[in-house]
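Visitor: I would like a close look at one part of this protein, with its setting in the rest of the chain. Please take the aromatic side chains as the way in.

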Amino acid sequence: MLNMAEGVARLDALATAPAVATLTRAFADAGRELAIVGGPVRDALLGRPTHDFDFTTNARPDEILQIVTPVSTARWDIGREFGTIGARIAGEQVEITTYRADSYDGATRKPVVAFGDDISGDLVRRDFTVNAMALRLPDKKLIDPTGGIEDLVRGVLCTPIDPRMSFGDDPLRMLRAARFASQLEFDVDPDTVAAIEQLRETLQIVSAERIQGELIRLLATDDPTRGIRLLVDTGLMAQFLPEIPALRLEVDEHHHHKDVYEHSLTVLRQAIDLEHCRHPGQSPDVPLRLAALLHDIGKPSTRKLEPGGGVTFHHHDLRGARLGRKRLRELRFDTATIDTVTKLIELHLRFFGYAEGAWTDAAVRRYVRDAGDELERLHILTRADVTTRNKRKAHMLAAAYDDIERRIDELAAQEELDAIRPELDGNKIQQVLGIGPGREVGEAYRFLLDLRLDEGIVGPDEAERRLRAWWAARA
């Protein structure tokens with residue numbers, strides 16, 4: 001609940017921060033208006049940490065640059081055409097933007113840039129009322145022309161103007177509604193939800209890179225499921241990640257199975273909880289969260305209704321990995337993220353064979369080898385994938401995973417498992433077999449790697465003897 005007295009005190013503290021005070025003096029001396037705007041004001045009122053300083057002013061970009069140059073240690077003007085000048089002041093990174101009065105053509109989300117002279121006109125063109133407030137300096141007056149304070153108190157996201165006009169101007173704002181709903185734990189105004197449903201197809205004019213950026217920001221929140229539900233319920237998710245709404249499988253009255261969509265959201269929440277527990281204080285692990293959300297996307301296309309009421313999803317792990325790779329490429333994710341997510345999807349079922357019967361040391365080594373650098377993420381995803389309400393089964397699976405992690409640690413201590421290699425390298429293989437570089441060296445290498453995985457360290461002499469025997473048998 002918003003406490004106004006405390007909120008005012010936090011705004012006062014925000015205005016006296018060294019970077020803010022320095023800019024306030026500089027713009028006042030130049031005879032120009034200045035205000036902190038948007039997120040910093042909202043977060044100060046809510047008592048949330050403030051990470052960035054955004055300002056707005058009636059000064060034009062060239063004049064902003066002149067004003068900040070004497071009081072800053074660095075400056076950048078890559079946003080100059082949009083009226084934005086960046087600078088580093090008193091150790092803080094700040095952005096100062098000229099009042100804007102843009103218009104949109106409806107065909108793209110790129111505005112026709114026009115500078116304004118009035119702060120209220122600038123605020124009205126912003127995405128949501130809670131982001132359309134400003135703290136004018138140096139008098140510390142709160143400017144709130146669209147009722148942002150009231151919406152903060154209610155915990156509701158509304159657009160400053162008719163949401164159909166706002167989203168029509170910039171469809172990316174529909175994705176931002178989902179992100180802020182999760183980030184602030186706010187509800188979205190019903191008229192705003194209706195506008196998203198009506199205008200969801202206009203998201204097509206937004207670039208894949210912009211959509212990817214908002215999806216990453218949503219997944220980086222403490223609980224993205226509120227925003228994901230909004231995207232799915234309004235049909236917006238189907239525009240760029242249709243595999244998620246497809247998880248809402250129709251349940252046949254004679255064939256019962258777990259609700260895959262709800263299961264996936266539960267896995268995502270549990271993965272985030274485990275991430276915080278196992279790695280407190282670290283930045284959000286977005287690739288892990290993507291994998292948790294997408295891990296079962298292969299189920300709809302592999303579902304088979306069996307006689308007697310059973311349902312199977314054979315090979316949904318492999319199918320899901322292929323679907324995930326295709327979709328993430330279309331969303332322009334980087335190669336490293338795509339490889340991580342698809343590997344986790346492909347391997348997320350592997351552990352359940354261990355729960356059904358203890359593995360040999362060789363099987364544990366293979367599990368580690370196949371997971372590679374993603375082993376810790378796989379630990380978290382596999383544990384999060386247990387959503388059964390059967391307490392006995394949940395306890396059994398947790399105990400089994402405790403056991404496999406213990407064995408991995410023991411084997412790692414004994415054999416440096418995280419760097420498993422054959423005991424003979426490629427050069428030694430060529431020397432022993434009297435061959436040059438080529439396909440046979442790779443085959444011999446894989447033979448020795450399997451020997452290492454199956455039996456552990458046998459020693460270089462024994463490895464050489466086995467290699468010669470393998471080569472002779474092969475010949």
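How many aromatic pairs does the count come to?

Guide: The model is a predicted one, and the count comes to five aromatic pairs. Two of them are described here, beginning with F447 and W470. These two residues form a stacked pair, with ring centres 5.2 Å apart and an angle of 15° between the planes. The angle falls under the 30 degrees that a stacked pair requires, so the label follows from the rule. The pair joins distant parts of the chain, since F447 belongs to helix α22, residues 439-455, and W470 to helix α23, residues 460-474. In sequence, F447 and W470 are 23 residues apart.

W470 also pairs with W471. Here the centres are 6.1 Å apart and the planes make an angle of 45°, which counts as tilted. Through these ring pairs, F447, W470 and W471 are linked into a cluster.

Is the phenylalanine of this cluster buried or partly exposed? F447 has a relative accessible area of 23%, which makes it partly exposed. W471 has a relative accessible area of 23% and is partly exposed as well. A residue must be under 20% to count as buried, and a nonpolar core is made of buried residues; therefore neither F447 nor W471 can be a member of such a core.

The cores themselves are as follows. The largest nonpolar core has 111 residues, and those with the most contacts inside it are F55, I228 and I244. Helix α8, residues 172-184, gives the most to this core, contributing eight residues. A second, separate core has eleven residues, including I429, V432, V441 and L451.

For F55, the contacts beyond its neighbours within four places in sequence can be listed. They include V20, L23, L34, A35, I36 and V37, and also V94, E95, I96, T97 and L137.

As for the chain as a whole, 23 helices and eleven strands are assigned. The C-alpha trace spans about 90 × 60 × 45 Å along its principal axes. Of the 475 residues, 48% count as buried. Among contacts between residues at least 6 apart in sequence, 67% join residues at least 24 apart. The accessible surface comes to about 22900 Å², and carbon and sulfur atoms account for 48% of that surface. The chain carries 64 positive and 78 negative charges, and the mean positions of the two sets are 3 Å apart.

Methods:
Residues are numbered from 1 along each chain as its sequence is written. This is a predicted model: local features need pLDDT of at least 70, side-chain atom pairs count only at pLDDT 80 or more; totals for chains, interfaces and linings use all residues. Side-chain values use heavy atoms; hydrogens and water are left out. Helices (H or I, at least four residues) and strands (E, at least two) are DSSP runs, numbered from the N terminus. Buried means under 20% relative accessible area, exposed over 50%, partly exposed in between (1.4 Å probe, protein chains only). Contact means heavy atoms within 4.5 Å. Accessible areas come from the Shrake-Rupley method with a 1.4 Å probe; for residues, only the protein chains shown count as cover. Lys and Arg count as positive and Asp and Glu as negative; His and the chain ends are not counted. The place of a charge is taken as NZ of Lys, CZ of Arg, CG of Asp or CD of Glu. A nonpolar core is a set of buried Ala, Val, Leu, Ile, Met, Phe, Trp, Tyr and Cys residues joined through side-chain atoms within 4.5 Å. Rings of Phe, Tyr and Trp (its six-membered ring) pair if their centres lie within 6.5 Å; planes under 30 degrees apart count as stacked, over 60 as edge-to-face and the rest as tilted.
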